[in-house]
Structures are given as structure tokens and as C-alpha cells.
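Got the viewer open and a hand on the mouse? Here is a short tour, stop by stop, with something to select at each one.

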Amino acid sequence: MTETLQSHVDETIGHDRRIEPRDWMPDGYRRTMIRQIAQHAHSEIIGMQPEGNWITRAPSLRRKAILLAKVQDEAGHGLYLYSAAETLGADRAELTELLISGRQKYSSIFNYPTLTYADVGVIGWLVDGAAICNQVPLCRSSYGPYARAMVRICKEESFHQRQGYELLLTMMRGTEAQRQMVQDATNRFWWPSLMMFGPPDDRSPNSAQSMAWGIKRHSNDELRQRFVDMSVPQAEKLGVTLPDPQLRWNDERGHYDFGPIDWDEFGAVLAGNGPCNAQRIQRRKQAHDDGAWVREAAMAHAAKAGAR
């Protein structure tokens with residue numbers, strides 16, 4: 001029986017169709033999907049913090065409204081994704097506990113500080129740009145609820161990327177101090193943005209299996225190269241310098257060559273030793289604790305309504 005079910009899954013993936021919540025799926029596939037969706041959801045929720053820090057200090061009402069809308073979008077993305085994980089049998093409360101206890105990870109990029117308002121624009125340009133490169137192929141992921149959630153998420157992330165780039169264009173047309181702020185933010189976020197795609201293919205233990213299952217469509221290194229090729233002309237248009245002296249066009253490959261990534265730094269941040277790891281988790285835990293009364297009231301209301 002298991003062999004027949006496995007053959008059906010293989011055929012479904014081979015014909016580029018979707019696996020749905022009530023379909024049989026291998027235990028490894030289910031575990032991998034829960035892990036990936038949960039980490040993605042955690043990243044959206046934690047990712048509200050670096051930019052949310054600047055809402056009260058936005059330079060104008062227009063910029064405040066834009067930033068509020070973006071942070072609200074990120075919260076919505078987290079909710080879509082937690083809902084998708086629940087279709088696999090995961091419990092949202094348990095996933096939150098795994099996050100705040102440090103037993104599940106989120107994107108390393110959100111453990112870096114946002115030191116100036118230019119960071120808001122650079123996060124939109126580079127971080128959301130990297131997210132788009134990584135997530136657009138996930139709209140064709142083999143797991144149906146995840147793929148469908150990604151369609152809306154990617155549309156909104158594309159808008160966030162354009163908002164960030166527009167902010168940077170405005171600042172680069174401003175004062176010399178503003179231009180220096182943009183360059184400094186670019187210097188700090190360029191390499192962590194490249195790390196967002198995960199370790200190189202020969203050091204990524206899950207990438208090959210995820211691609212075989214149709215969860216991923218491209219390897220980490222392929223997506224990273226796509227991001228670099230996309231970002232270089234954008235940086236030239238902005239008038240900023242990407243902080244990599246080895247960055248240059250390679251006619252033979254038809255791509256940009258770039259320098260080595262500090263994977264020791266990546267490992268340290270993932271292990272909880274980044275600049276803001278403790279702060280991010282502490283704030284998430286505090287928000288969860290502060291919201292306990294809301295959850296309790298909602299559950300009491302639901303129980304009362306069910307008893308009628």
C-alpha cells in the first residue's frame with residue numbers, strides 16, 4: 001500500500017501537480033514542509049521588528065503610512081503561513097513556543113540592527129529583493145496551501161521592494177549626509193542579504209531533497225547568483241557602490257562574479273550569536289506574553305458560543 005501511495009506522490013510531483021492537505025504524503029515530506037513553512041512564518045513575524053523600530057521616527061506622515069502598511073503586510077504574511085502549516089497538522093501555539101525557545105530558526109537577516117532610516121530603504125531594496133528571488137519559485141511549490149499563500153505574499157513583497165528602492169532614490173537626490181547614509185546601509189546589508197539564500201549547495205543538507213520533492217525549484221547558489229545579477233544594475237542606477245572589490249561581469253559565464261561569503265558569520269548568527277538575536281526573541285516573547293489575555297478571552301468567547 002505504501003509503495004502505491006508513494007508512486008502516486010511521485011507521479012503528482014513529476015506532473016507538476018499539487019499535494020493537498022488530505023493527500024497521503026511521506027513523513028519526511030510533511031516534516032520538511034512544516035519546518036520550512038514555520039521558519040518562513042517566524043521570519044515574517046520577527047521581520048516586523050527591525051523596520052517597526054522606525055515607525056515613530058519616520059521623517060514624514062507619508063513615510064510613516066508606507067512603513068505602517070508594510071509592517072502590517074508582514075504580520076499578514078506570517079498568519080497566512082502559520083495557517084498553511086496548520087494544514088499539515090502543526091499547532092500554531094507549539095510553533096510559537098519553538099520560536100521563542102530557540103528550537104526553530106528564522107532568517108538570519110533579521111538579527112542585524114537598523115541604525116538609520118536609510119536601513120528601511122535598503123531592507124526594502126536588498127532584503128525584500130532577495131526574498132522575491134527566493135519566494136517567486138515557491139509559488140510553484142508542490143504543496144498546494146504553501147504555493148497559494150506565496151502568490152499573494154510575492155505580490156506584496158514586490159511592492160515593498162519598489163517602495164524601498166523609491167525611498168533610496170529620493171535620499172540619493174538629497175544631501176551628502178543622506179547619500180552617505182544610503183551607502184553605509186548598503187555596506188552593512190549587502191553580505192547578510194547574500195546569506196539569506198542559505199549555505200552553498202555543497203554544504204546544504206536539505207536542498208537536494210527539497211528540490212526532488214518539488215518544494216524548491218532552484219538551488220541556493222542559483223538563486224544567489226540571480227539576486228546578484230539583478231542587484232548590480234540597480235546599484236549603478238542608484239549611484240551606490242556594492243561593498244565587494246571582486247564584483248565584476250564575467251563574459252564567459254554571462255553572470256557577475258562576486259567575492260567569498262563569510263559563512264562563519266552566518267553560522268554564528270544562526271546559532272544565536274548575531275548582533276540582535278537575543279533582543280529579537282525577547283521582544284517576540286514579551287509580545288506573546290502580553291497577548292495572553294487576548295487569546296484567553298477569544299477562547300472563552302468561542303467556548304461560550306459553542307455551548308449555545
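**Stop one: the cysteines**

Start by looking for disulfides: a search of the whole of this predicted model turns up zero. A disulfide is a covalent bond between the sulfur atoms of two cysteines. Now select Cys154 and Cys139. How far is the sulfur of Cys154 from the closest cysteine sulfur? The distance to the one in Cys139 is 3.8 Å, and because a disulfide needs the two sulfurs within 2.5 Å, that is too far for a bond. While you are there, note that Cys154 is buried, at 6% relative accessibility. Hop over to Cys276 and you find another buried cysteine, with a relative accessible area of 7%.

**Stop two: the nonpolar core**

In soluble globular proteins, nonpolar side chains tend to be buried together. To see that here, select Ile37, Trp125 and Tyr143. The largest nonpolar core has 78 residues, and these three touch the most other members. Next, colour helix H7, residues 144–172: H7 supplies the largest share of this core, ten residues.

Stay with Tyr143 for a moment and show what surrounds it. Setting aside neighbours within four places in sequence, Tyr143 has contacts that include Arg18, Ile19, Glu20 and Pro21. Also among its contacts are Met25, Tyr29, Met33 and Ile37, and Ala84, Thr87 and Leu88 belong to the list too.

**Stop three: Tyr29**

One of those partners deserves its own click. Tyr29 sits in helix H2. Is Tyr29 buried or exposed? Its relative accessibility is 0%, so Tyr29 counts as buried. Leaving out residues up to four places away in sequence, Tyr29 touches Ile19, Ser142, Tyr143, Trp213 and Ile215.

For a sense of scale, draw a line from Tyr29 to His288. The two are 259 residues apart in sequence and 30 Å apart in space, C-alpha to C-alpha. Keep His288 in mind, as you will meet it again at the second pocket.

**Stop four: the largest pocket**

Rolling a probe the size of a water molecule over the atoms shows where empty space is left. The largest pocket found has a volume of about 1,000 Å³. To centre your view on it, select Gln39, Asn134, Met196, Phe197 and Gly198, which are the closest to its centre of the 42 residues in the lining. Several helices give two or more residues to this lining: H2 (27–46), H6 (118–135), H7, H9 (207–212), H10 (220–238) and H11 (263–273). Which element gives the largest share? That is H6, with seven residues. Colour the lining by class and you get 17 nonpolar, 16 polar and nine charged residues.

**Stop five: the second largest pocket**

Move on to the second largest pocket, which holds about 460 Å³ of space. Its lining is made of 13 residues, and Ile45, Thr96, Arg284, Ala287 and His288 lie nearest the centre. Helices H3 (48–52), H4 (61–86), H5 (92–100) and H12 (277–290) each give two or more residues to this lining. H12 gives the most, with four. By class, the lining divides into six nonpolar, three polar and four charged residues.

**Stop six: the enclosed cavities**

Now turn to the closed spaces. How many cavities of 30 Å³ or more are there? The count comes to two.

The largest cavity has a volume of about 110 Å³. Select its lining in two handfuls: Glu51, Arg63, Ile66, Leu67, Lys70 and Tyr117 are among the residues there, as are Val120, Gly124, His160, Gln163, Gly164 and Leu167. H4, H6 and H7 are the elements that give two or more residues to this lining. The classes here are mixed: five nonpolar, four polar and three charged.

The second largest cavity holds about 30 Å³. Around it you will find Pro50, Ile109, Phe110, Tyr112, Ile123, Val127 and Phe189. This lining has seven nonpolar residues, with no polar and no charged ones.

**Last stop: a backbone oddity**

Most residues other than glycine have a negative phi. Now select Asp16, in the loop between helix H1 (2–14) and H2. The phi of Asp16 is positive, near 60 degrees, and this residue is not a glycine. Asp16 counts as partly exposed, at 38% relative accessibility.

Technical notes:
Residues numbered from 1 in each chain as written. Predicted model: local features only at pLDDT ≥ 70, side-chain atom pairs only at ≥ 80, totals over all residues. Heavy atoms only, no water. Core = buried A, V, L, I, M, F, W, Y, C linked by side-chain atoms within 4.5 Å. Buried < 20%, exposed > 50% of the residue type's maximum accessible area, 1.4 Å probe, protein only. Contact = heavy atoms within 4.5 Å. 1 Å grid on protein atoms, 1.4 Å probe; cavity = no way out; pocket = protein on both sides within 12 Å on 5 of 7 lines; lining within 4 Å. Points joined across faces, edges and corners; volume = space filled by probe spheres on them. Nonpolar A, V, L, I, M, F, W, Y, C, P; charged D, E, K, R; others polar.
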